[in-house]
Amino acid sequence: MTIQLSLRDARRIVLAAQGFGKPRGRQATPAHLHRALDRLGLFQIDSVNVLARAHYLPAFSRIGDYELGKLEQAAWGEKRNRRMFEYWAHEASLLPLDLHPLFRWRMARAERGEIGYAALRRFATVHRQKAQSVLARIAAEGPLAASDFEGGAGKGGWWAWSETKHALEWLFWSGQITTATRRAGFKRLYDLPERVLPQRVLALPTPDAETAQRELVARSAMALGVATAADLRGYYRLKPDEADHAIAAQADAGVLVPVRVEGWSPMAWMHRDAPAPRKINGAALLAPFDPLIWERKRTERLFGFRYRTEIYVPQPKRTYGYYVLPFLMDEALVARVDLKADRTAGVLVAQRISLEPDAPAETMVRLMAELDRMAAWLKLDRVRVAESCSKRRSASHVSAGDENRP
């Protein structure tokens, strides 16, 4: 039986599935952080640091103030403290350790040269020996970055950096190496999985590809709440031939329930255990790569909110700013804030605030409270709304004035 959902009800199910609507304490614990990761199934990695790197932000949006060092320890700390591993999932991502077996089929296909772009696939075939020499050096010397191979006199002098990087990426894609830690500048250091990941994880049985894909679809559905087939495929970047059989199998098993959402053309699916709250309260600033909004067409379907990142758009052509975070207030996206952390001055700078036409009257008050919380989390002393904001007096661009907040 197909369930009929209003758009409002679908939105509430999605927000609850994503971990919104729960009170946030004064200080989140590592357990809160781990539960947020388990709920979302991944934190997408991004190196842009104008505010905070994107993989730190989804947890803050859901659980509030937590120690950044706790995430770093769980992702790149000592082997016994690891709770995450890096791999290509939605994009480059931090994933819970229990998902490692569910990606081994992808690693195996990469090792055989069946997936990946052409420059990568060559290392599974004609350049395999070159890749093996890189692997041997890592095995002998320990964690190495791509730059450690550069120039290479006495270290494999025939290597050009781009060749090395392709070899390392193929070894990473195929699971033969993983990220040991991150060096200054967010450079990845590669090492052997057995020296990085806990043995209990490596010892987990490896499911066949179809079983793993079914489980990944179920994880996607639990994280998304309500999703089209394309949404379910996209969460972990499954191809149609990898995901469609898994969706059908989970539907037959009753894990996925068919739904029709008001205003949506394609049929959608809901996880049978998805909570369906009567109301969602709360406020959050969302990173550009937050899983609630990373699929832009889905964001438009759910919220009527057209969102595009403008990092690579020339400044004169930007509509909303460089690093723009949508502002979620209760059940709607009501504003966009171009944010920058001025760490030298200890200031969180809102370079531009743009309200949606139907933003409620209390939007600015609640937004400024959320900016205060973010500043405190980032160990910044105050929030400043840039003077340039006050010059934008149209319906869509407003300012709280040139305001310094304690």
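Reader: Before we get to hairpins, when do two strands count as paired?

Author: Two strands pair if DSSP finds at least two bridges between them. This is a predicted model, and here a hairpin links strand 3 to strand 4 through three residues. The two strands, with strand 3 at residues 84-88, run antiparallel and are joined by five bridges. One spot to look at is W88, which sits opposite A92 of strand 4.

Reader: Which other strand pairs with strand 4, and in what sense?

Author: That's strand 2 (residues 43-44), which pairs with strand 4 in the antiparallel sense over two bridges. Find Q44 and you'll see its bridge partner in strand 4, S93.

Reader: Is strand 4 largely enclosed or open?

Author: Count the buried residues: five of the five in strand 4 (residues 92-96) qualify, so the strand is largely enclosed by the rest of the structure.

Reader: OK, on to cores. Why look for clusters of nonpolar side chains?

Author: Because in soluble globular proteins, nonpolar side chains tend to be buried together. In this model the largest nonpolar core has 109 residues, and L51, Y66, F103, L339, L371 and M374 have the most contacts inside it. Helix 15 (residues 363-377) gives the most to this core, with seven residues. Another core, of 26 residues, lies apart from it and includes V14, V226, L292 and L333.

Reader: What does L339 touch, leaving aside its neighbours within four places in sequence?

Author: Its contacts include V50, L51, L285, Y323 and L325, and also L371 and M374.

Reader: How do I read a mixed sheet, say the one with order 1-8-9-7?

Author: Go strand by strand. This one is an open sheet of four strands with mixed pairing. Its edges are strand 1 (3-5) and strand 7 (226-228), each pairing on one side only. From one strand to the next, the twist averages 45 degrees. Strand 1 and strand 8 (residues 256-261) run parallel, joined by three bridges, and I3 has V259 as its bridge partner in strand 8. Helix 1 packs on this sheet, touching strand 1, strand 7, strand 8 and strand 9 (268-271), and its direction makes about 95 degrees with that of strand 1.

Reader: And how do helix 1 and helix 14 pack?

Author: Check angle and distance. Helix 1 (residues 7-17) and helix 14 (residues 296-303) pack at about 125 degrees, with their axes 9 Å apart. The two helices are therefore oblique to each other. Helix 1 brings L7, R11, V14 and L15 to the contact, and helix 14 brings R298, R301, L302 and F303. By class, that contact has five nonpolar, no polar and three charged residues.

Notes: Residues numbered from 1 in each chain as written. Predicted model: local features only at pLDDT ≥ 70, side-chain atom pairs only at ≥ 80, totals over all residues. Heavy atoms only, no water. Core = buried A, V, L, I, M, F, W, Y, C linked by side-chain atoms within 4.5 Å. Buried < 20%, exposed > 50% of the residue type's maximum accessible area, 1.4 Å probe, protein only. Contact = heavy atoms within 4.5 Å. Axes fitted to C-alpha atoms, helices over the stretch in contact; angles between N-to-C directions. Parallel < 35°, antiparallel > 145°, perpendicular 65-115°, else oblique. Nonpolar A, V, L, I, M, F, W, Y, C, P; charged D, E, K, R; others polar.
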